[in-house]
Structures are given as structure tokens and as C-alpha cells.
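Got your viewer open? Let's take a short walk through this fold, one selection at a time.

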Amino acid sequence: MLKVLRIFMVVILGVATLSSTLSVNAASPAQEASASEKAAAMLESMSPEEKIGQLFLVTFNGTVTDETSNIYKLITDQHVGGIVLRSDNDNFSGPEGTITVAQEMINSLQYLNWDYAKNNGLNSTTLIPKNVNYIPLLIGMSQEGDLAPFDQVVNELTALPNEMAIGATWKTENAQSVGTILGQELSALGINLLFGPSLDVLDVISTDVGEDLGVRSFGGDPYWVAEMGQAYIKGVHEGSSNKIAVIAKHFPGRGESDRQPEDEVATVRKSLEQLKQIELAPFFAVTSQ
């Protein structure tokens with residue numbers, strides 16, 4: 001668990017310090033060593049409760065973040081590592097004022113986390129000071145393009161094309177341009193963690209029981225899915241000035257899964273070699289650069 005947590009801490013510190021370790025290109029040995037050393041030093045000072053809490057990304061309903069809210073308690077009492085924002089949890093209002101309200105909510109989440117640590121865990125309900133480490137929150141969301149239902153914010157952000165439309169152009173510069181716009185706008189909103197893009201390879205058209213990727217894929221060729229994915233992620237990093245960490249999905253690939261994951265754990269019935277050649281190939285490509 002400590003190894004996983006240390007990696008997680010390196011990502012958090014990288015976002016907080018605008019580290020270039022979040023770019024598509026591999027970080028230099030000196031940069032990696034520095035981030036690792038900082039993560040190790042912070043881990044040494046953290047309580048067991050803080051270490052466990054940092055492993056969790058949580059959701060919450062609405063936009064209220066005051067001391068009476070559940071999300072406030074999760075951040076201050078449970079030391080969660082981050083928050084995932086979703087439209088179906090009513091985290092985004094609309095149709096007017098969506099961005100303003102979202103920015104205020106995200107800022108308040110980061111501020112209450114900082115304020116709690118600065119005041120040694122003291123608030124209106126806690127009178128005994130304690131040592132609290134300040135660790136910036138990861139604020140994540142997905143924004144896949146093509147508006148509803150796969151965009152979390154459908155008002156006041158640029159309406160972006162879906163991955164299938166981008167892939168159909170066969171131009172990686174288009175993928176990078178879309179990623180750049182997304183990176184700029186989400187970073188300005190306060191998002192520092194993006195779930196996407198999808199690196200699923202549309203290997204087999206869905207059946208009645210299989211996973212229907214629809215337009216949520218760059219295409220059916222693992223090489224071009226990888227090329228488009230690399231360009232898209234590069235754009236997100238450049239657009240956000242490396243302030244957004246990216247988690248490509250849906251590892252290990254759902255192009256030939258045998259059932260809907262909402263109903264039961266899906267299975268991809270292929271050998272490891274087949275997976276390496278198709279489903280896993282794009283993930284290898286974007287993580288090896």
C-alpha cells in the first residue's frame with residue numbers, strides 16, 4: 001500500500017508544483033528524484049489516517065461545502081485525496097452561471113482544505129489542535145465531448161467533438177487542438193485531474209450483451225488510437241501548462257468485453273498476447289513516451 005500511496009503522492013505534488021512530470025514526455029531523472037524525495041518526506045510526516053485518506057477520490061451531491069456538509073467532513077476528518085465532480089450529482093448548475101458557480105465551489109474546496117491545515121485542525125466544532133499536513137486536493141472530472149450524456153459541463157464551455165469524429169479526420173493535430181482547448185478551459189475552472197481520453201480500440205462492433213463504445217473511441221486500429229491519444233493528452237498538458245494530470249480510460253480496454261459493466265463485471269476473452277497487440281497497445285504507447 002505504501003508503494004501505491006507514494007506514487008499517488010508524487011502525482012499530487014507534481015500537480016501542486018506544476019511539475020513537468022505530468023507532460024507526455026518522460027521526466028528527467030533529476031525531476032523524478034526530486035518529486036519522489038518530496039513524496040517520501042511528506043509520507044514520513046503523515047499520520048496513518050492521512051495516508052489512508054489520500055488513497056480515496058470521493059463524490060458528493062450538490063455544491064454546498066460549508067462545515068455542515070458531508071464533503072467538508074470527508075476532507076477534514078477523513079483526509080480524502082481528491083474529489084470527482086459529476087453532473088448527475090448536481091455538482092454543476094445551469095443553464096446560466098455554470099462556470100461561475102463551479103469555480104467558486106472548487107475554490108472553496110481547496111481553501112477549506114488549506115485553512116483546516118493552517119489552523120492545525122481547529123474549526124467551530126474542534127477545540128483541540130492537531131498536526132495536519134496540507135496536501136492540495138485532486139479535483140477530477142471527465143469531459144468526453146459531444147455534449148450530453150458524456151460531458152459533465154454542457155454550458156459555457158466550448159462544445160468539443162467526440163473521439164470518433166476526431167479519429168475520422170486521421171489528423172493528430174486535430175486531436176492535439178481539441179486537447180489544448182479542453183486543457184485550457186478545465187484548468188481555468190480549477191480542474192487538475194482529467195479522466196480521459198478513452199483509449200479503447202473499437203475492435204468488434206457491440207452485440208446485445210457487449211459494451212457499446214459508440215463514438216467514445218478514436219477508432220478500430222490500435223496504432224491510430226495510440227497516435228490520437230498521445231496527441232490529445234499532449235494538448236491537454238500544453239493547454240493547462242501541465243496543471244492537469246491525465247488518467248486515460250478504460251484500462252485494460254473494453255473493445256470486446258462480453259457484457260455491460262453496469263450489470264456485471266465485464267470480461268475480455270482474449271489471450272495476454274492478443275491484449276498486448278490490441279487493447280493494451282494504446283496504453284503502452286501513451287505511458288512510455
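**Stop 1: a loop residue**

Start with Leu-202, which sits in the loop between E4 and H8. Keep in mind that you're looking at a predicted model. Show the neighbours of Leu-202: leaving out residues up to four places away in sequence, it touches Met-164, Leu-213, Gly-214, Ser-217, Gly-219 and Gly-220. Now add Ile-278 and draw a distance between the two C-alpha atoms; you should get 9.5 Å, though Leu-202 and Ile-278 are 76 residues apart along the chain.

**Stop 2: the sheet**

Next, colour the strands. You'll find an open sheet of 5 strands, paired in parallel and ordered E1-E2-E3-E4-E5. At its edges are E1 (57-58) and E5 (245-249), each of which pairs on one side only.

Walk across from the E1 edge:

- E1 and E2 run parallel and are joined by 2 bridges. Select Val-58 and you'll see its bridge partner in E2, Ile-83.
- E3 and E4 are also parallel, again with 2 bridges. Here Met-141 has Leu-194 of E4 as its bridge partner.
- E4 and E5, parallel too, are joined by 4 bridges. Pick Ser-198 and look opposite for Lys-249 in E5.

Pause on E4. How many of its residues are buried? The count is 6 of the 6, so E4 is largely enclosed by the rest of the structure.

**Stop 3: helix H7**

Select residues 172-189, which make up H7. Its 18 residues should span 26 Å at 1.5 Å a residue, and the end C-alpha atoms are indeed 26 Å apart. Highlight its buried residues: Ala-175, Val-178, Gly-179, Thr-180, Leu-182, Gly-183, Leu-186, Ser-187 and Leu-189. Some of the spacing there will look familiar. In an α-helix there are 3.6 residues a turn, so residues three or four places apart point the same way.

What covers those buried residues of H7? The cover includes helices H5 (98-118), H6 (163-167) and H8 (222-239), along with strands E3 (138-141) and E4 (193-198). Just after H7 comes Gly-190, with a positive phi near 110°.

**Stop 4: helix H5**

Finish on H5, with 21 residues and a reach of 30 Å from first C-alpha to last, close to the 30 Å expected at 1.5 Å a residue. Its buried residues include Ile-99, Met-105, Leu-109, Leu-112 and Tyr-116. The buried residues of H5 pack against H4 (70-76), E2 (82-84), E3 and H7. Following H5 is Asn-120, whose phi is positive as well, near 55°.

Technical notes: Residues numbered from 1 in each chain as written. Predicted model: local features only at pLDDT ≥ 70, side-chain atom pairs only at ≥ 80, totals over all residues. Heavy atoms only, no water. Expected span 1.5 Å × (residues − 1). Buried < 20%, exposed > 50% of the residue type's maximum accessible area, 1.4 Å probe, protein only. Contact = heavy atoms within 4.5 Å. Pairing = 2+ DSSP bridges.
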